[in-house]
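Dear colleague,

I am passing on the structure we talked about, together with some notes on its sheet and its nonpolar cores. Please read the notes with the model open.

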Amino acid sequence: MPRLPRTVAQAPHTGAHAQEGAGRQHGAPRYPVRVRRVYDPALPDDGARVLVDRLWPRGVSKERAHLTLWLKDVAPSTALRQWFGHDPALWDDFQQRYRAELAQNPDALNQLVSLAQHGPLTLLFGAKDTTHNEAIVLADILNNTAH
C-alpha cells in the first residue's frame, strides 16, 4: 500500500470511539475530529462542519446542513463506494483501499488537517451506518496523525 505523505502520515486504526486525545502525537490536530450524520441537527460546539461524501445527501438543504465546506475530493471514489456498499463484511478491506486512495490525494486530506489545527472539526456523512463509513476512517487518520 502506498504511504501517505509526511504531513498526513497513516496511523493504525484505533477504533472510532477511542478516548479523546488517545494516540495523538506531537503536531497532531490540536482539536479532536468528530463524526456526525449530516441529518443530525448542528450543535454549537461542532466547529467547522465538513461534508465528506461525494454525493449530496438526499433531503438535506444547504441551509439545514450548516456546512463550512463540502469536500468531495476526500470521499472514496465512486468505484470504491459502490464496491463497498456499506457491507460490514467488507469493512477492513474498504479501510485499506480507502487509505490507499487517500495516499494518492494528500491535498484534500491536508485541508482537513489544517481545519483541525485551527478549531473543532466535525466530519459529516449521509450513510445510515454510523460505524462503517468514510468519515470514521478520516477521523481515525486525523485524530492519530503526526505532521
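The notes below begin with conventions and then turn to the sheet, the helices and the cores.

This is a predicted model, in which local features need pLDDT of at least 70 and side-chain atom pairs count only at pLDDT 80 or more, while totals for chains, interfaces and linings use all residues. Residues are numbered from 1 along each chain as its sequence is written, and side-chain values use heavy atoms, with hydrogens and water left out.

Strands (DSSP runs of E, at least two residues) and helices (H or I, at least four) are numbered from the N terminus. Four strands form an open sheet in the order E1-E4-E2-E3, with parallel pairing (two strands pair if DSSP finds at least two bridges between them). Strands E1 (33–37) and E3 (69–70) stand at the edges with a single partner strand each, so one side of each lacks a neighbour in the sheet. Between E2 (residues 48–51) and E4 (residues 121–125) there are 4 bridges, and leucine 51 stands opposite leucine 124 in E4.

Helix H4 (residues 106–118) lies across E1, E2, E3 and E4, at about 135° to E4 (axes are lines fitted to C-alpha atoms, for helices over the stretch in contact, with angles from 0 to 180 degrees between N-to-C directions).

The largest nonpolar core (buried Ala, Val, Leu, Ile, Met, Phe, Trp, Tyr and Cys residues joined through side-chain atoms within 4.5 Å; buried means under 20% relative accessible area, with a 1.4 Å probe and protein chains only) has 28 residues, and its largest share, 7 residues, comes from H5.

Best regards

Terms used: Contact means heavy atoms within 4.5 Å. Buried means under 20% relative accessible area, exposed over 50%, partly exposed in between (1.4 Å probe, protein chains only).
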